[in-house]
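Colleague: I'm new to this structure and would love a guided close look at one part of it. Could you start there and then show me what surrounds it?

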Amino acid sequence: MNSKDLSELIALGEGFTTEFKRSETSSLGREICAFANATGGVILIGVEDSGEIVGVADHNGLKSRVQATARSADPPIAIDVTSVDSVLCVRVPEQHGKPYSFGGRFFMREGANSQQMSREEIREFFFKEGLIRFDEMQCGDFHIENDLTNEKWAKFSQRARIPEDLEPVSALENLHLLKVGEMTNAGAWLLADDITRYTLQARVICAVFRGVTKTHILDRREFDADLFSIFEDCMAYLQSRLNTALIPHALGRDERLELPEGALREALVNAIVHRDYRSTANVQVHVFRDRLEIVTPGGLPAGMREEDLGTKSVPRNPLLFGMFYRMGLVEQVGSGIRRIRELCRDYGVTEPTIDVSENWVTTTFARQVEHAASQVPDKSPASTLQVKNLIRSLDGERTRAEILQSLGLKDRSNLTKEYVQPALAAGLIEMTIPDKPRSSKQKYRLTNKGRELQERIRQTQ
């Protein structure tokens, strides 16, 4: 590695295969072990988290200590330590003696972080999945000279936040998407025009059914571009097929999808990233009259149990997972299921059910079903579950922070859109400082109409 290579690597930032450290720390063994259990990576000692080079002194002494740290792993980890200007570069090549432990503990790279796993979990993971995962394997059908066009690269590099002055081959190698001149499956999936040219089962199939069974299909679509585009197209399809209500408020009106978009995005990302791409089945999205199902091939990854959902993450495709994290489609490592549940609670809809079998994981969102065609559902702001919860809990004058706490919510923007604005529009609450709606001292209280509704709500409890 030379100065130019180092600058390019730093420009890409921290991620699945790169770690910055200001100086030698006690966590160095943990990071080396995590990279060894994944696809390898590079640790740059003498670089701030921001990418600023601060450098380190006494490279010879530091090299010896780093080598000793790697040798103390079980089994010992082979590394390459070089100096580039004032930075010490610790390269951990892909290892072949997995799993590795350090200090009696096992670590795995997930996104831009190193997570501890138990020995049983990591052994089970590698036994079931093999030493080389499908997303890391070379894709013989992708020929970089012909298939990597300028248009594809421009689109991908923007999504992956790759600096414009970096050469494609160099950037792909540093991201571990290109190995020994050949594209990995993950790289091919992210750079494809038609993903079925490389992996037939990687397309996603969406269908809308009449009623609550699969007897009558109303519409069916197959999405087979690159994985990022597949995700976006599927989301657009769902938004066009689900019901939308218009919610009036003081500034106009907003569209409200019957299910929280954020929760649907998380569930779809989970299906695409964590599916078993060795399976001949596709990710399937089914829209019924009473529910929406997202069906993922492969069951749970090794090391995961059904009771672990929402509390831990073991990515089946860590290279692809790392790229989705880099592209902003994964917000926080291991938070997907928990976030889905929180978003549904905040939105006032039922939390989805997750059914797990050996070969499938199905996430089911319940839809609102009208009982009779002659009945017109109450669409007024006062009828929503969110507004009723707000009115029920509001006591005296309260700030938004106090309202958030009393409702057990976390998303401030969701509170504004789904609770406060509809209640204001319906005349159920009022501001204490109406001429300064954005005042930091702003509070909210019930109107006479709001107090009447609160009394009726409490009488029915």
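Colleague: How many bridges join strand β6 (residues 105-110) to β7, and do these strands run parallel or antiparallel?

Modeller: Happy to walk you through it. One thing to keep in mind from the start is that this is a predicted model. Strand β6 is joined to β7 by five bridges, and the two strands run antiparallel. To find one place along this pairing, look for Met-108, which has Gln-115 of β7 opposite it.

These strands belong to an open sheet of three, with the order β5-β6-β7 and antiparallel pairing. At its edges are β5 (101-102) and β7 (113-117), each of which pairs on one side only. In general, the strands of a sheet pair through backbone hydrogen bonds, in either a parallel or an antiparallel way.

Now look for the helix on this sheet. Helix α2 lies across β5, β6 and β7, and runs at about 65° to β6. Helix α2 has a helix partner too. Two packed helices are described by the angle between their axes and by the distance between those axes. For α2 (residues 28-37) and α3 (residues 59-71), the angle is about 55° and the axes are 9 Å apart. An angle between 35 and 65 degrees counts as oblique, so α2 is oblique to α3. The crossing of these helices is right-handed. On the α2 side, the residues that meet α3 are Leu-28, Gly-29 and Ile-32, while α3 brings Val-66, Thr-69 and Ala-70. Sorted by kind, the residues of this contact are four nonpolar, two polar and no charged.

With that corner in view, let's step back to the whole chain. There are 16 helices and 19 strands. The chain has 461 residues, and 53% of them count as buried. Among contacts with a separation of 6 or more, 64% are between residues 24 or more positions apart.

Next comes an open sheet of six strands, with mixed pairing and the order β11-β10-β14-β15-β17-β16. Its edge strands are β11 (217-223) and β16 (353-356); each has a single partner strand, so one side of each has no neighbour in the sheet. On average, and ignoring direction, neighbouring strands here are turned by 15° against each other.

We can cross part of this sheet strand by strand. Strand β10 (residues 204-209) and strand β14 (residues 283-287) run parallel and are joined by five bridges. Within this pair, Cys-206 stands opposite Val-285 of β14. From β14 the chain turns into β15 by a hairpin of three residues. The pairing of β14 with β15 is antiparallel, over four bridges, and here His-286 stands opposite Glu-293 of β15. Moving on, β15 and β17 run antiparallel and are joined by seven bridges. A useful marker there is Val-295, whose bridge partner in β17 is Thr-362.

Strand β15 deserves a pause. It is mostly covered, with seven of its seven residues buried. Arg-291, Glu-293, Val-295 and Pro-297 point one way, Leu-292, Ile-294 and Thr-296 point the other way, and all are buried. Helix α10 (residues 261-274) lies across β10, β14, β15 (291-297) and β17 (360-366), at about 20° to β15.

For a single-residue view of the same region, try Thr-364, which is found in strand β17. Its relative accessible area is 15%; the limit for buried is under 20%, so Thr-364 is buried. Apart from neighbours within four places in sequence, Thr-364 is in contact with Arg-291, Leu-292, Glu-293, Pro-352 and Thr-353.

Let's finish with another helix pair, α13 (residues 385-393) and α15 (residues 412-425). Their axes come within 8 Å and cross at roughly 75°. Angles of 65 to 115 degrees count as roughly perpendicular, so that description fits α13 and α15. Gln-386, Val-387, Asn-389 and Leu-390 make the contact from α13, and Glu-418, Tyr-419, Val-420, Pro-422 and Ala-423 make it from α15. The residues of this contact divide into six nonpolar, two polar and one charged.

Definitions and conventions:
Residues numbered from 1 in each chain as written. Predicted model: local features only at pLDDT ≥ 70, side-chain atom pairs only at ≥ 80, totals over all residues. Heavy atoms only, no water. Axes fitted to C-alpha atoms, helices over the stretch in contact; angles between N-to-C directions. Parallel < 35°, antiparallel > 145°, perpendicular 65-115°, else oblique. Left-handed = near helix turned anticlockwise from the far one by under 90°. Contact = heavy atoms within 4.5 Å. Nonpolar A, V, L, I, M, F, W, Y, C, P; charged D, E, K, R; others polar. Pairing = 2+ DSSP bridges. Buried < 20%, exposed > 50% of the residue type's maximum accessible area, 1.4 Å probe, protein only.
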